[in-house]
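Let's take a walk through this one together. Keep the structure open and turn it as you read.

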Amino acid sequence: MISQGASTPLRFIAPDGQAERELPVFADRAALISFYRAMLLTRIFDEKAVALQRTGRLGTFASSLGQEAVSVGLASAMRKEDVLLPSFREQGAMLWRGVSPVELFLYWGGDERGSDFAGPRGDFPICIPVASHAPHAAGVALAMKLRGEKRAAVAVMGDGATSKGDFYEAINISGVWRLPAVFVISNNQWAISVPVGRQTAAATLAVKAMAAGIRSARVDGNDVIAVHNAVGEAIDRAISDQGPTLVECVTYRLGDHTTVDDSSRYRSDQEVSENWPSEPVARLRQYLTAHEGWTKSDEENLIAECHNLVGEAADRYAAIDPLEPKDMFEMTFASLPRDLEEQRNQLS
Amino acid sequence: MADRMLVEAVRMALARVMSEDETVILLGEDIGRNGGVFRATNGLLERFGEQRVRDTPIAEAAIAGLAVGLAAQGMRPVAEIQFSGFIYPCIDQLTNHASRLRTRTRGRLTCPLVIRSPSGGGIHAPEHHSESMEALLTNVPGLRVVFPSSPKRAYGLLLSAIRGPDPVVFFEPTRLYRSAKEDVDDSGEGLPLNCCFTLREGTDVTLVTWGATVIEALAAGDHAADEGVSVELIDVAILKPLDFETIRASVSKTGRAVIVHEAPISGGFGAEIAARIADEALLSLLAPVKRVAGYDVVMPLPRLEQFYLPDEPRIMAAIRDVMSYT
């Protein structure tokens with residue numbers, strides 16, 4: 001299914017919930033419901049996080065509203081032993097990988113313990129400086145390859161990240177060394193206020209793979225099946241020593257860049273409205289309703305379950321005391337140098 | 001034992017640690033078949049193979065980023081940045097990632113990498129090949145910054161840097177690569193990364209320096225002795241974290257301090273040492289603290305670099321100046 005920079009994003013399910021082609025074998029009822037649950041959980045988590053921020057109980061937060069299928073699609077295609085390198089809008093992927101909502105709240109609430117994941121111990125923390133984690137994925141993949149492991153590194157970043165040298169250096173080196181790395185671009189059309197058409201003159205972001213001589217795919221990022229399928233194929237290639245893949249997922253950021261952004265400054269309400277009918281959660285729900293017997297009560301039960309889970313996590317987060325001020329010193333080096341010990345003593 | 005050049009001592013340390021630990025991986029531009037532009041990795045490709053001695057594309061940000069990814073996966077990458085004038089693209093990776101991965105994951109992921117880079121002037125190199133930018137990195141919390149000045153110290157400090165659990169930037173003074181020679185025993189013994197080296201004991205002036213200017217400072221110590229001035233010479237060698245205790249003890253004894261470095265004077269690491277002396281040893285001082293450093297100018301091309309680099313007469317002038325206070 002992987003095509004070299006195809007201009008039409010590949011999809012299985014249309015925005016109206018109708019299948020456009022035969023679904024891949026992995027897309028059975030149980031899998032689709034698990035994807036749906038994860039996307040809904042992500043959406044409800046995002047709603048809660050924004051609400052906490054608006055009421056002064058969380059720091060600046062980047063909602064993934066409208067992009068849940070990219071996050072869940074890529075993570076659900078990974079195996080436990082793979083390594084995720086997320087950017088800052090991939091809570092859907094992180095939750096799927098076993099990062100807890102309490103940890104995510106802690107991170108966005110300003111506590112380093114939020115990146116000390118109890119679940120996926122080898123996954124990278126959220127990367128804020130754009131694209132600077134792309135070379136990390138190459139390094140992780142090199143370690144895996146040198147050890148002869150059948151594992152892959154999966155990095156995800158936005159459309160703006162493809163303008164950076166780090167991105168090109170990483171895909172280039174991964175191509176030269178045929179590393180088991182997958183670079184997923186969540187192309188949500190906007191890098192804060194700059195639209196993708198002003199990031200690049202390239203026809204698509206997937207074509208940027210050609211300059212590095214690596215494979216690419218371009219999929220509808222609002223179709224979780226298409227994302228899962230493309231990333232799954234890319235991982236299969238990676239672990240069978242066929243090299244890296246760039247997967248462009250075409251989606252749309254329905255919300256602001258973050259809670260401190262006001263997207264009405266740079267894009268019209270009409271544009272946002274026009275993109276709502278393509279959003280990924282309703283799309284999959286319509287498919288499940290039409291083809292997998294998903295009922296109103298199934299839906300209500302799932303919504304209640306997600307609200308409970310997120311609400312309990314928010315309560316647990318609120319009950320966690322901050323680290324002690326002196327704890328800021330403890331992890332600077334493996335052991336505390338005398339100089340820092342003196343500074344720590346000044347703090348008390 | 002035979003006399004070894006500093007560049008050979010670096011190579012001995014690399015070979016030693018690579019033979020002990022198969023997770024040690026070398027990365028860099030022209031380090032494989034070419035053996036590095038200074039030949040620091042000469043013969044290592046043949047001995048350890050192309051999987052472990054890797055010529056990278058010319059992409060310094062990716063070299064540092066690869067090292068972060070490898071280190072987080074439990075490997076021990078040692079990357080060469082061909083000249084320290086080319087280290088700037090790595091600074092994002094060093095500052096935003098390598099130095100803080102342990103902190104930001106509360107110790108879940110760590111970053112035991114080493115970036116080696118030839119540094120400093122005095123070899124009549126082209127533009128961008130002679131800078132000293134250690135102060136850019138000493139201001140980064142979580143990085144260790146090491147700058148040896150002799151073959152033995154280069155060997156022992158590099159072993160410890162590679163074996164250690166923290167990210168290290170390891171500057172190698174190009175001017176001393178072939179001129180500094182010493183018996184180096186390939187004993188495999190590392191030197192601690194937490195203390196300065198007192199190269200000469202004295203009672204009148206504390207001379208504090210690191211890197212290539214240690215050579216000029218040693219000469220100034222001899223010259224001062226001829227003039228009846230007793231110099232205590234401290235090679236800082238490990239700038240960060242700084243062993244200020246050794247410097248404080250020496251200045252408390254001598255009452256005078258002259259700090260020498262090749263990097264531009266304003267905001268140089270000498271300013272940090274001078275500030276620490278003012279803060280913690282002011283009442284011991286008999287004279288103002290003097291700095292002998294590079295000027296706040298763009299590193300001159302070879303025709304003028306000798307006038308930029310701190311030399312023995314400039315150090316002597318500072319020593320005579322602080323000795324004029326009694």
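Start with β13 of chain B (residues 257-264), which runs parallel to β14 of chain B (residues 290-294), with five bridges joining the two strands. To find the register, look for V260(B): its opposite number in β14(B) is V292(B). Keep in mind that this is a predicted model. Getting from β13(B) to β14(B), the chain goes through helix α10 of chain B (residues 269-280), and this β-α-β crossover is right-handed.

β13(B) also pairs with β10 of chain B (residues 205-209): here four bridges join the strands, and they run parallel. In this pairing, V260(B) of β13(B) stands opposite T209(B).

Now stay with β10(B) for a moment. Is this strand mostly covered or open? It is mostly covered, as five of its five residues are buried. As a rule, side chains in a regular strand alternate between the two faces of the sheet. In β10(B), V205(B), L207(B) and T209(B) sit on one side, T206(B) and V208(B) sit on the other, and all are buried, so both faces are covered.

β10(B) also has a parallel partner in β11 of chain B (residues 231-235), with five bridges between them. Here L207(B) has L233(B) as its bridge partner in β11(B). The chain travels from β10(B) to β11(B) by way of helix α8 of chain B (residues 213-226), and this β-α-β crossover is right-handed.

Next, step back to the domains. The assignment for chain B gives domain 1 (3-183) and domain 2 (197-323). How far apart do the C-alpha centres of these two domains of chain B lie? They are 26 Å apart. The contact between the two takes 26 residues from domain 1 of chain B and 24 residues from domain 2 of chain B. On the domain 1 side, α6 (134-138), β6 (144-146), α7 (151-163) and β7 (168-173) of chain B each supply at least two residues. By class, that side of domain 1 of chain B has 11 nonpolar, nine polar and six charged residues.

Two of those strands, β6(B) and β7(B), turn up again in an open sheet of seven strands, ordered β3-β2-β4-β5-β7-β6-β12 (chain B), with mixed pairing. β3 (53-55) and β12 of chain B stand at the edges with a single partner strand each, so one side of each has no neighbour in the sheet. From one strand to the next, the twist averages 20°.

Inside this sheet, β4 of chain B (residues 76-80) pairs with β5(B) in the parallel sense over three bridges. A79(B) finds its bridge partner in I115(B) of β5(B). Helices lie over these strands too. α3 of chain B (residues 60-72) lies across β2, β4 and β5 of chain B, and runs at about 170° to β4(B). α7(B) packs on the sheet as well, touching β2, β4, β5, β6 and β7 of chain B, and its direction makes about 160° with that of β7(B).

A few backbone details are worth a click. R39(B) is not a glycine, yet its phi is positive, at about 70°. You'll find R39(B) in the loop between β2 (24-28) and α2 (44-48) of chain B. Is R39(B) buried or partly exposed? It has 17 C-beta neighbours inside 10 Å, so R39(B) counts as partly exposed. H128(B), another residue other than glycine, has a positive phi near 70°. It lies in the loop between β5 (114-119) and α6 of chain B. Because H128(B) has 12 C-beta neighbours inside 10 Å, it counts as exposed. Finally, look for the cis peptide bond from K240(B) to P241(B), with omega near -10°. P241(B) is in the loop between β12 (238-240) and α9 (244-254) of chain B.

That leaves the contact between the chains, which takes 33 residues from chain A and 35 residues from chain B. On the chain A side, α5 (134-146), α6 (165-176) and α13 (338-347) of chain A each supply at least two residues. α5(A) gives the most, with nine residues. The residues of the chain A side divide into 18 nonpolar, seven polar and eight charged.

Notes
Residues numbered from 1 in each chain as written. Chains lettered and ligands numbered in written order. Predicted model: local features only at pLDDT ≥ 70, side-chain atom pairs only at ≥ 80, totals over all residues. Contact = placed C-beta atoms within 7 Å. Nonpolar A, V, L, I, M, F, W, Y, C, P; charged D, E, K, R; others polar. Domains from an automatic or database assignment. Buried ≥ 20, exposed ≤ 12 C-beta atoms within 10 Å, placed from the backbone. Pairing = 2+ DSSP bridges. Axes fitted to C-alpha atoms, helices over the stretch in contact; angles between N-to-C directions. Right-handed = clockwise from strand over helix to strand, strands pointing away.
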